[in-house]
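Dear colleague,

I am passing on the structure below, together with an account of what was found in it. Please look through the sequence and the model before reading on, since the notes are meant to be read beside them.

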Amino acid sequence: MRRYTQLTHVQRYQIYALKKAGVSQTQIAMVIGVHKSTISRELRRNTGGRGYRPKQADLLAHHRASKRHAARISEATWGTIESLLRQDWSPEQISGRLKRDGEATVSHEWIYQYVLKDKRSGGTLYRHLRCKRKRKKRYGSHERRGRIPDQVRISERPAVVDERSRLGDWELDTIIGAHHKQAIVSLTERKGRFALIAKVERKTADNVNAAVQSLLEPYTDFVHTITSDNGREFAGFKQIAAETHAEYYFADPYASWQRGTNENTNGLIRQYFPKKCDFRTITDEQIQEAMDKLNNRPRKCLGFRTPNEVLLEAQTVALTN
């Protein structure tokens, strides 16, 4: 019987904390509900030069898994796929036909990745795709506005962020004023729906960096992650991450639902500053007034508590502890 179990991101953080506390491997296995051999193998395979770290362990495990997936698709199968691509079959059609014919199971996403890898090496398979521009933006080399280097994708974000079980996971965006004059930087905390907003004269990376750091400075105990879209105004994300001690992630292109909390908040902000509003006429007092109203508005999702009340409760607990 196979005893080894694939571990989750949360379990790896548990292993890290328990190991640091001096708990034995056998006891760690009992606490997180896996066989002790799973813990032994995890530590043996995913410990780096600076010891066992959960984020690094996740990356190592995912890298090995991706290599296994690639290896299970034979060269002959890829040859068939390439031949069908050159006949202008779409990746979805190829994937479905292979499955229908009882051949190797290859998802259309894997085929798109194969095409993009071929393009980066100078190949021409991409010319046979029907939706070249759309697919290039979603999976490929760049967007028209330019890709920010060294991005960490939302797929690598800890699972605890999706659970909304803690305060400190923020979503970030900018709202543009009429005639593209000036902008509002908008931050929303995922669990408590707490909103922070500030106006910037120009939507540059430097201005956005300064605004984000200023907005989050009073809440340093409640900043774990920040997730934004791929706008060039977030090109200085490394500085934001360093100054706020947060892990920074980017949502997938054209996937606004991955920052749904922030998108909803932006809609509420538009109640005070509509799309036709000239942001050059907005005062700091008006920004503060809008922010106060947003954070003192009861929310059904919070049991009709306000974001301010949720934050105050968390701060009280933190002080008590």
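What follows goes from the chain as a whole to its cavity and then to single residues.

Please keep in mind from the start that this is a predicted model. The chain has 321 residues, of which 43% count as buried, and its secondary structure consists of 14 helices and seven strands. Taken along the principal axes, the box filled by the C-alpha atoms has sides of roughly 65 × 55 × 35 Å. If one takes the contacts with a separation of 6 or more, 59% of them are between residues 24 or more positions apart. The accessible surface amounts to about 18400 Å², and carbon and sulfur atoms account for 50% of that area. As for charge, the chain carries 58 positive and 36 negative charges, and the mean positions of the two sets lie 7 Å apart.

Next, the empty space inside the model. One cavity of 30 Å³ or more is present, and the largest cavity holds about 30 Å³ of space. Its lining is made up of Leu-167, Trp-170, Glu-189, Phe-194, Tyr-219, Phe-222 and Leu-311.

Helix α14, which spans residues 307-320, is a useful place to go on from there, as it includes Val-310. Leu-311, the next residue in the numbering, is one of those lining the largest cavity. Val-310 has a relative accessible area of 6%, and it is therefore classed as buried, the cut-off being under 20%. Apart from neighbours within four places in sequence, Val-310 is in contact with Leu-167, Gly-192, Leu-302 and Arg-305, and Leu-167 is also among the residues that line the largest cavity. A long distance can be given for Val-310 as well: Ser-95 is 215 residues away along the chain, and the two C-alpha atoms are separated by 48 Å.

A second buried residue worth finding is Asn-262, which sits in helix α12, residues 260-269. Its relative accessibility is 0%, so Asn-262 counts as buried. Leaving out residues up to four places away in sequence, Asn-262 touches two runs of the chain, with Glu-171, Leu-172 and Asp-173 in one and Ser-186, Leu-187 and Thr-188 in the other.

The loop between α9 (159-163) and β3 (169-176) deserves a slower look, and Arg-164 is found in it. Which sign does phi have at Arg-164? The value is positive, near 55 degrees, in a residue other than glycine. For comparison, most residues other than glycine have a negative phi. Arg-164 has a relative accessible area of 28% and is partly exposed. Ser-165 belongs to this loop between α9 and β3 too, and with a relative accessible area of 43% Ser-165 is likewise partly exposed. Beyond residues up to four places away in sequence, Ser-165 touches Val-160 and Lys-191. Arg-190 is 25 residues from Ser-165 in sequence, and their C-alpha atoms are 9.4 Å apart in space.

A positive phi is also found at His-245, where the angle is near 60 degrees, again in a residue other than glycine. His-245 is placed in the loop between α11 (237-244) and β7 (247-250). Is His-245 buried or exposed? With a relative accessibility of 69%, His-245 counts as exposed, because the cut-off for that class is over 50%.

Two further exposed residues complete these notes. Gly-122 lies in the loop between α7 (108-120) and α8 (132-139), and its relative accessibility of 59% is why Gly-122 counts as exposed. The C-alpha atoms of Gly-122 and Asp-88 are 19 Å apart, with their positions 34 residues apart along the chain. Lys-20 is part of helix α1, residues 9-20, and at 66% relative accessibility Lys-20 counts as exposed. From Lys-20 to Ser-155 the separation is 135 residues in sequence and 27 Å in space, C-alpha to C-alpha.

With kind regards

How values were computed. Residues numbered from 1 in each chain as written. Predicted model: local features only at pLDDT ≥ 70, side-chain atom pairs only at ≥ 80, totals over all residues. Heavy atoms only, no water. Helix = DSSP H or I, 4+ residues; strand = E, 2+ residues; numbered from the N terminus. Buried < 20%, exposed > 50% of the residue type's maximum accessible area, 1.4 Å probe, protein only. Contact = heavy atoms within 4.5 Å. Areas by Shrake-Rupley, 256 points an atom, 1.4 Å probe, with all protein chains shown as cover. Lys, Arg positive; Asp, Glu negative; His and termini not counted. Charge placed at Lys NZ, Arg CZ, Asp CG, Glu CD. 1 Å grid on protein atoms, 1.4 Å probe; cavity = no way out; pocket = protein on both sides within 12 Å on 5 of 7 lines; lining within 4 Å. Points joined across faces, edges and corners; volume = space filled by probe spheres on them.
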